[in-house]
Amino acid sequence: MKTARQKKARKNLGFFINNFKFRPPFQILIDGTFAFAALENKFNIQDQLSKYFQAEVKLLTTPCIILETEKLCSFSKAITGAMQIVKQYPIHKCGHEKHSITGTKCLLSMVGKNNPSRYIIATQDRELQEILRKIPGVPIIYLHGKAPTLEAPSQASNEYARGVREELGMSAWEKENSITLKKAAGIENKTEQKLKKKRKKGGPNPLSCLKKKKKLRTEPSNNKTGVKSGKVKKRKKIKLAPHIKEALVNEMKNKQT
């Protein structure tokens, strides 16, 4: 099961590496809900996430998340332990030092519209996960029991990556040129023009109705010597017996005398 989980993690992480330029050490922003789940399941975040990603990871938190966990400590001792876990990680400046906000709003402000700093968000908050899925290029990791799970790329991330691949290699000039060429050729993106026109049933082909012309026989032309062109038939030589030859010779001599 561990190898299957690691293969799935490499596949999902590879998507963000190839399409959104994620690079190790991977920056993971951890909120109080993830720290609380790790404490309950006795999950060592630093060691286990490094093994899970098979790469160097950089665990981070924000001042807003620390203040939020501190306020919740009065409700449960387990939250106090989660606060201590969160406090041991480096604090990333979020810009809300003067006026702190909730951990959810703080993480959303860190991610922005397209996650330019390439954060991986570690949270158990379902509502926050739903919002993050609508932002392209935001990997989400959560704990399923004691097992870490890197969520598959969201629909927003897949659509964004598909659009980048389609536009890859086309400059602005090439796009304008392709549009002008399509207009010149009469090709438009209308659905009506994509439909193929049905052929009307017509009569037979008029060329097939024409009568076949009779081929005229042409006699081979004679050459200057009077011999027909083409193959020349050889005459068979008639052989005479010796006594007939002598008789003919004697007859010719008698006629001369």
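Student: Which residues are linked in a network of salt bridges here?

Tutor: Glu 130, Arg 133 and Glu 151 are the ones joined in that network. Keep in mind that we're looking at a predicted model. The general idea: side chains of opposite charge can pair when their charged atoms come close. In this structure, Arg 133 takes part in a salt bridge with Glu 130, at 2.6 Å from N to O. Arg 133 also meets Glu 151 in a salt bridge, with an N to O distance of 2.7 Å.

Student: Where do Arg 133 and Glu 151 lie along the chain?

Tutor: That pair links distant parts of the chain, 18 residues apart. Arg 133 lies in helix α7, while Glu 151 is in the loop between β5 (147-150) and α8 (155-167). The other pair stays inside one element: Glu 130 and Arg 133 both belong to helix α7 (residues 126-133). They're 3 residues apart, about one turn of the helix.

Student: Is Glu 151 buried or exposed?

Tutor: Buried, because its relative accessible area is 15%, and the cut-off for buried is under 20%. Arg 133 has 24% relative accessibility, so Arg 133 counts as partly exposed. Glu 130 is partly exposed too, at 46%.

Student: How many salt bridges does the structure hold?

Tutor: There are 3. One of them is between the side chains of Glu 70 and Lys 87, at 2.9 Å from N to O. This pair also links distant parts of the chain, with 17 residues of separation. Glu 70 sits in helix α4 (residues 63-72) and Lys 87 in helix α5 (residues 77-87). As for accessibility, Glu 70 is partly exposed at 33%, and Lys 87 is partly exposed at 41%.

Student: Which residues of α5 are buried?

Tutor: Ile 79, Gly 81, Ala 82, Met 83, Ile 85 and Val 86. To read a buried face, look at what lies over it. For α5, the cover includes α2 (32-40), α3 (45-53) and α4.

Student: And what do the buried residues of α4 pack against?

Tutor: Against β1, α2, α5 and α6 (103-111). The α4 residues in question are Cys 64, Ile 65, Ile 66 and Thr 69.

Student: What comes after α5 in the chain, say where does Gln 88 lie?

Tutor: Gln 88 lies in the loop between α5 and α6. With 55% relative accessibility, Gln 88 counts as exposed. If you want a spatial landmark, try Leu 59: its C-alpha atom is 9.6 Å from that of Gln 88, though the two are 29 residues apart along the chain.

Student: Let's try helix packing. At what angle do α1 and α3 pack?

Tutor: The way to read a helix pair is to take the angle and the axis distance, then see which side chains meet. Helix α1 (residues 2-20) packs on α3 at about 75 degrees, and the axes are 8 Å apart. That angle makes α1 roughly perpendicular to α3. From α1, the contact takes in Arg 5, Gln 6, Ala 9 and Leu 13; from α3, it takes in Lys 51, Tyr 52 and Phe 53. By type, the contact residues are 4 nonpolar, 1 polar and 2 charged.

Student: Now the sheet. What order do the strands have?

Tutor: Here's the general idea: strands of a sheet pair through backbone hydrogen bonds, either parallel or antiparallel. This open sheet of 5 strands has mixed pairing, and its order is β2-β1-β3-β4-β5. At the edges you'll find β2 (57-60) and β5, each with a single partner strand, so one side of each has no neighbour in the sheet. From one strand to the next, the twist averages 30 degrees.

Student: How many bridges join β1 to β3?

Tutor: There are 4 between strand β1 (residues 26-30) and strand β3 (residues 119-122), and the two strands run parallel. To find your place in the pairing, look for Gln 27, which stands opposite Tyr 119 in β3.

Student: Zooming out, how many helices and strands does the protein chain have?

Tutor: The count is 11 helices and 5 strands. Of the chain's 257 residues, 28% count as buried. For the overall contact pattern, take the contacts with a separation of 6 or more: 63% of them are between residues 24 or more positions apart.

Key:
Residues are numbered from 1 along each chain as its sequence is written. This is a predicted model: local features need pLDDT of at least 70, side-chain atom pairs count only at pLDDT 80 or more; totals for chains, interfaces and linings use all residues. Side-chain values use heavy atoms; hydrogens and water are left out. A salt bridge is a side-chain nitrogen of Lys or Arg within 4 Å of a carboxyl oxygen of Asp or Glu. Buried means under 20% relative accessible area, exposed over 50%, partly exposed in between (1.4 Å probe, protein chains only). Contact means heavy atoms within 4.5 Å. Axes are lines fitted to C-alpha atoms, for helices over the stretch in contact, and angles run from 0 to 180 degrees between N-to-C directions. Angles under 35 degrees count as roughly parallel, over 145 as roughly antiparallel, 65 to 115 as roughly perpendicular and the rest as oblique. Ala, Val, Leu, Ile, Met, Phe, Trp, Tyr, Cys and Pro count as nonpolar, Asp, Glu, Lys and Arg as charged, and the others, Gly among them, as polar. Two strands pair if DSSP finds at least two bridges between them.
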